[in-house]
Amino acid sequence: MTELICIVCPKGCHLKVDEENGYTVTGNGCPRGAAYGQKELTNPTRVITSTVRVEGGTLKRASVKTSSDIPKKDIFAAMRLLDSVTLQAPVAIGDVVLENILGLGVDFVATKNVPQKA
């Protein structure tokens, strides 16, 4: 039996996941909590947030995030891809920074506007 705190909403339900009985979840206040508990033990995923360099902009860095969650085991490999990225200003929220990272069908997208220097 594994105990988790659900992070799907601010309520923070205390979940118990029984791996020996089909990953049955108890303690959840909603169906999303049950799905989270099962997924966290069978295929944990995360959304990644980070920053990348920007040249010619009013800021030196722009924040980015993955467009969807990726397997937890791939986080460090995905982060290494960002080391070689330098964007040219202007940068707009939603701009695709890297497409299809690690062949997962997930992109890194900008989450900060960076205007060009005047």
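## A walk through the sheet and Thr66

Start in this predicted model by selecting strand β5, residues 49-55, together with β8, and you will find that the two pair in the parallel sense over three bridges. Within that pair, pick out Glu55 and look across to β8, where Gln88 stands opposite.

Next, widen the selection to the sheet to which these strands belong, an open sheet of five strands whose order reads β8-β5-β6-β10-β9, with mixed pairing. Colour β8 (86-88) and β9 (96-98) separately, because these two stand at the edges with a single partner strand each, so that one side of each is left without a neighbour in the sheet. As you rotate the view, compare the directions of neighbouring strands, which are turned by 45° against each other on average when direction is ignored.

Now add helix α2, residues 75-82, which lies across β5, β6, β9 and β10 (108-110) and runs at about 10° to β5.

Finally, select strand β6, which covers residues 61-66, and go to Thr66 in that strand. Is Thr66 buried or exposed? Its relative accessible area is 0%, and since the limit for calling a residue buried is under 20%, Thr66 is buried. Show the side chain of Thr66 and follow it to a polar atom that lies 2.8 Å from the backbone oxygen of Ser68. To see what else surrounds this residue, leave aside its neighbours within four places in sequence and display the residues in contact with Thr66, which are Arg46, Val47, Ile48, Ile101, Val106, Asp107 and Phe108.

Methods:
Residues are numbered from 1 along each chain as its sequence is written. This is a predicted model: local features need pLDDT of at least 70, side-chain atom pairs count only at pLDDT 80 or more; totals for chains, interfaces and linings use all residues. Side-chain values use heavy atoms; hydrogens and water are left out. Helices (H or I, at least four residues) and strands (E, at least two) are DSSP runs, numbered from the N terminus. Buried means under 20% relative accessible area, exposed over 50%, partly exposed in between (1.4 Å probe, protein chains only). A polar contact is a pair of N or O atoms within 3.5 Å; within protein, one must be able to donate a hydrogen and the other to accept it, and residues adjacent in sequence count only if both atoms are side-chain atoms. Contact means heavy atoms within 4.5 Å. Two strands pair if DSSP finds at least two bridges between them. Axes are lines fitted to C-alpha atoms, for helices over the stretch in contact, and angles run from 0 to 180 degrees between N-to-C directions.
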